[in-house]
Amino acid sequence: RVTRVTDINLLGIFNSSPLEIGDRFMSSARGKRAASCFGLSSDEGFKKRFATDLHSLRNLSKKSAVILIFLIFLLLLLMHYFVDNLVFSRDNEFTPHTDLMSLYQSKQDFQKKIEHNQQIINDSVEKISQAKKELQVLLKRFNETWDQLNSKLSNLNPEQKGQVEKVAEEVVQNINTNNNDPEPDLQQVEPVLIPIAKDTDQNIQDNVQNTNIDKQDKNPEQTVNDKRREAVKKGVLHAWNGYKKYAWGADELRPVSKSTQNWVNMGATILDSLDTLYIIGAKDDFKLAVDWVRENLNFNQDMMVPTFETTIRVLGGLLSAYQLSGEQILLEKAEDIGIRLLRSYRETPFPYGSVNLVTGANTNAGWTGGNHILSEIGSMQLEFLALAIATGKPEYAQRTLQVFQKLDEMPKDDGLYYLFLSPYGGWGSSQSSLGGLGDSFYEYLIKIWIMTGKQVPGFRRMYDSAIDPVMRRMITKTPSLSFLVELNAGSPQRKMEHLTCFAGGMFALGAKNKQESEIGAELTRTCHAMYENTATKLGPESITFNPDGSIFPSTRYYILRPETVESYFVLWRKTHDQKYREWGWEAFQAIEKYCKIPDSGYSGIRDVQNTGEGNYDDLQQTFLLAETFKYLYLLFSDDDVISIDEYVFNTEAHPLRVYHDVATWPEDITKFFPSATI
């Protein structure tokens with residue numbers, strides 16, 4: 001405002017007072033020109049104005065100097081910090097930029113870890129929920145096994161009890177003194193418990209897998225059985241893989257043409273194979289089958305299905321696999337189909353042969369003359385009783401149990417049950433047979449007695465009463481073989497069906513004396529002869545025989561039926577006679593030779609006497625996997641793999657659990673049991 005800085009310096013503004021500087025400035029030519037520019041006529045006025053402005057300038061300069069010095073000091077401090085701490089890190093690790101990026105990355109990594117841990121927590125919750133369900137199943141089985149063990153231990157003599165107590169004390173002591181190895185050495189228990197189990201003809205194991213006790217010195221016979229069992233397992237997987245490849249989701253595979261056949265539209269092969277896959281340890285395939293059930297099985301179809309076949313294959317298959325695995329979806333589907341099948345009942349006590357799954361419409365086949373079939377109405381009790389117990393709903397068992405009550409009350413000619421029953425009451429024929437149309441009724445009489453823990457005398461009485469006229473009138477003995485024949489109006493027919501070959505095992509299961517045991521063994525030997533006397537070593541659908549015991553195939557096809565190997569299995573478990581395993585191996589080898597299609601499965605054959613090509617019927621029956629191969633696999637397994645003391649097999653070979661707590665069952669079930677006396 002006044003003059004240039006150089007002029008101010010000349011005036012000495014930093015060393016003089018404002019008035020002195022004003023006098024000095026006014027005496028100069030520049031000062032006079034400035035006074036004239038500002039319009040100040042008086043030298044005194046200009047000096048005062050100049051002095052005031054200069055005073056302000058000095059104060060401002062001092063403040064600016066202080067601020068400038070402070071800023072320079074701050075700049076030096078920041079540069080020192082930057083040089084000493086940031087640009088060159090003392091530890092030669094990171095620059096500030098790197099540190100910031102590292103911090104950001106650490107944040108991102110931490111966030112990912114949080115998300116990962118959250119997923120682990122969610123998965124763990126799901127697994128805990130599943131484990132809880134499995135634990136409930138295991139706890140139920142443990143309680144059942146505990147009750148069985150207490151019952152079995154009560155049958156031991158004092159010496160045996162002492163042995164068990166001694167071993168138990170040693171095991172407990174071993175657990176208490178060895179914290180690093182809390183698992184008891186089961187090998188020290190085995191030498192004591194196994195003989196005791198044999199002495200009492202009981203087995204305290206309840207396990208569907210092979211025993212986990214290592215057998216260190218396997219004998220040659222055991223090694224052979226292991227190889228044979230493995231061969232059967234490979235057969236199961238060959239049939240299953242062919243079905244998966246060419247018929248997945250269909251009822252049955254046609255292995256020659258690599259096509260399919262449907263008759264219930266439920267993936268019948270899958271449902272019939274579930275428990276077999278579980279028993280042989282095919283975990284991945286079992287899971288695949290269960291997933292198919294969960295995602296694809298739908299019973300809400302407006303179609304007629306055969307009541308009996310759907311019960312034994314579908315309901316029986318689902319219930320058995322549920323009991324073995326604990327998979328809840330299997331029980332849910334079993335209950336669904338069970339409710340639909342119960343619509344086969346009308347006002348009469350007997351179910352009708354076919355039922356519509358949606359509308360409940362039902363009827364009997366025209367070829368029966370509108371009659372009910374004995375084997376069909378009398379072979380649903382095991383499945384619906386198991387369903388009632390599993391769901392806690394007694395009503396599921398009531399209608400089927402009433403069938404036995406009604407049959408028990410009906411008048412009979414010499415105790416014989418006939419094959420057909422009128423919907424209006426009374427018998428519909430005068431034929432008796434343990435072959436087709438009659439077979440599984442007799443089977444279920446003894447098996448429901450076993451299933452209920454042998455605690456319901458009414459079932460045992462019904463079986464004994466039914467089997468008495470069979471032994472007296474339907475067993476025909478020749479010099480070489482014994483036959484179980486049909487009766488037509490009381491007259492024996494010299495023929496026997498492959499279906500009848502289950503009876504050897506039935507007599508063995510129900511034998512209460514030596515005579516019944518011998519009948520079971522003799523009938524099984526006859527069924528073996530039916531195989532042995534053909535060119536393919538496979539059994540025909542039926543045979544006729546002469547009085548001298550010579551036999552001839554009358555219906556010559558073989559459709560992979562299981563009844564003969566079923567009896568081999570039961571007789572082996574009951575007697576441990578090695579011949580039954582040998583006979584079973586012969587049958588399996590014949591199936592491999594004449595029924596196996598190399599890349600797709602197994603087929604029945606049209607003529608058991610034809611060893612040439614082109615003999616296939618091009619159908620892999622569902623019961624090959626459900627029954628034939630399952631019985632053969634178990635034939636070469638240890639006795640505790642599906643123990644016959646703890647399971648009964650329905651007529652489609654689906655193992656169902658034996659119940660030992662019948663005394664605690666509700667009256668809504670027990671009131672439908674047959675009476676102990678008639």
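A residue counts as buried when its relative accessible area is under 20%, and in this predicted model 48% of the 678 residues of the protein meet that description.

**The whole chain**

Begin with everything shown as a cartoon, where the secondary structure comes to 23 helices and 19 strands. If you then switch to a surface, you are looking at about 33200 Å² of accessible area, of which 53% belongs to carbon and sulfur atoms. Among contacts between residues at least 6 apart in sequence, 68% join residues at least 24 apart, and several of the stops below show pairs of residues that meet in space.

**A nonpolar patch**

Select Ile-67, Phe-70, Leu-71, Phe-73, Leu-74, Leu-77 and Leu-78, which form a nonpolar patch on the surface with about 710 Å² of accessible area together. To find your place in the cartoon, colour Leu-71, which belongs to helix α4, residues 43–87. Leu-71 has a relative accessible area of 46%, so it is classed as partly exposed.

**The disulfide**

Next select Cys-501 and Cys-527, and display their side chains as sticks, so that you can see the disulfide between them, with a distance of 2.0 Å from S to S, because two cysteine sulfur atoms within 2.5 Å are taken as a disulfide. How many disulfides are there by this rule? The count comes to 1. The link of Cys-501 and Cys-527 is left-handed, with -100° about the S-S bond. It connects distant parts of the chain, 26 residues apart, since Cys-501 sits in the loop between β13 (495–497) and α18 (503–510), while Cys-527 sits in helix α19 (residues 514–532). Are these two cysteines, Cys-501 and Cys-527, buried or exposed? Both Cys-501 and Cys-527 are buried.

**Two buried serines**

Move to Ser-379, in the loop between α13 (374–377) and α14 (381–391), and notice that its relative accessibility is 0%, which means that it counts as buried. Its side chain makes a polar contact of 2.6 Å with the side chain of Ser-440. Beyond its neighbours within four places in sequence, Ser-379 touches Phe-308, Ile-312, Ser-440, Phe-441 and Tyr-444.

Now select Ser-320, in helix α11 (residues 307–325), which is likewise buried, with a relative accessible area of 0%. A polar atom of the Ser-320 side chain lies 2.8 Å from the backbone oxygen of Pro-655. Setting aside neighbours within four places in sequence, the contacts of Ser-320 are Asp-275, His-654, Pro-655 and Leu-656.

**Salt bridges**

A search of the whole structure finds 29 salt bridges, and three of them are worth selecting here. Stay in helix α11, where Arg-313 and Glu-309 lie 4 residues apart, about one turn of the helix, and where their side chains meet at 2.9 Å, N to O. Arg-313 is buried at 9% relative accessible area, whereas Glu-309 is partly exposed at 24%.

Then select Glu-327 and Arg-294, whose side chains form a salt bridge of 3.7 Å, N to O. Glu-327 lies in the loop between α11 and α12 (328–341) and Arg-294 in helix α10 (residues 283–296), so the pair ties together parts that are 33 residues apart in sequence. Both are partly exposed, Glu-327 at 25% and Arg-294 at 40%.

Finish with Glu-592 and Lys-596, whose closest N and O atoms are 3.4 Å apart in their salt bridge. Glu-592 is partly exposed at 25% relative accessibility, and Lys-596 is partly exposed at 29%. As a last selection, take Lys-287, Asp-291, Arg-294 and Glu-327, which are joined into one network by salt bridges that share partners.

Notes
Residues numbered from 1 in each chain as written. Predicted model: local features only at pLDDT ≥ 70, side-chain atom pairs only at ≥ 80, totals over all residues. Heavy atoms only, no water. Patch = residues over 30% accessible without salt bridge, like charges linked within 9 Å, V, L, I, M, F, W, Y side chains within 5 Å. Areas by Shrake-Rupley, 256 points an atom, 1.4 Å probe, with all protein chains shown as cover. Salt bridge = Lys/Arg side-chain N within 4 Å of Asp/Glu carboxyl O. Buried < 20%, exposed > 50% of the residue type's maximum accessible area, 1.4 Å probe, protein only. Polar contact = N/O pair within 3.5 Å; in protein donor to acceptor, adjacent residues only side chain to side chain. Contact = heavy atoms within 4.5 Å.
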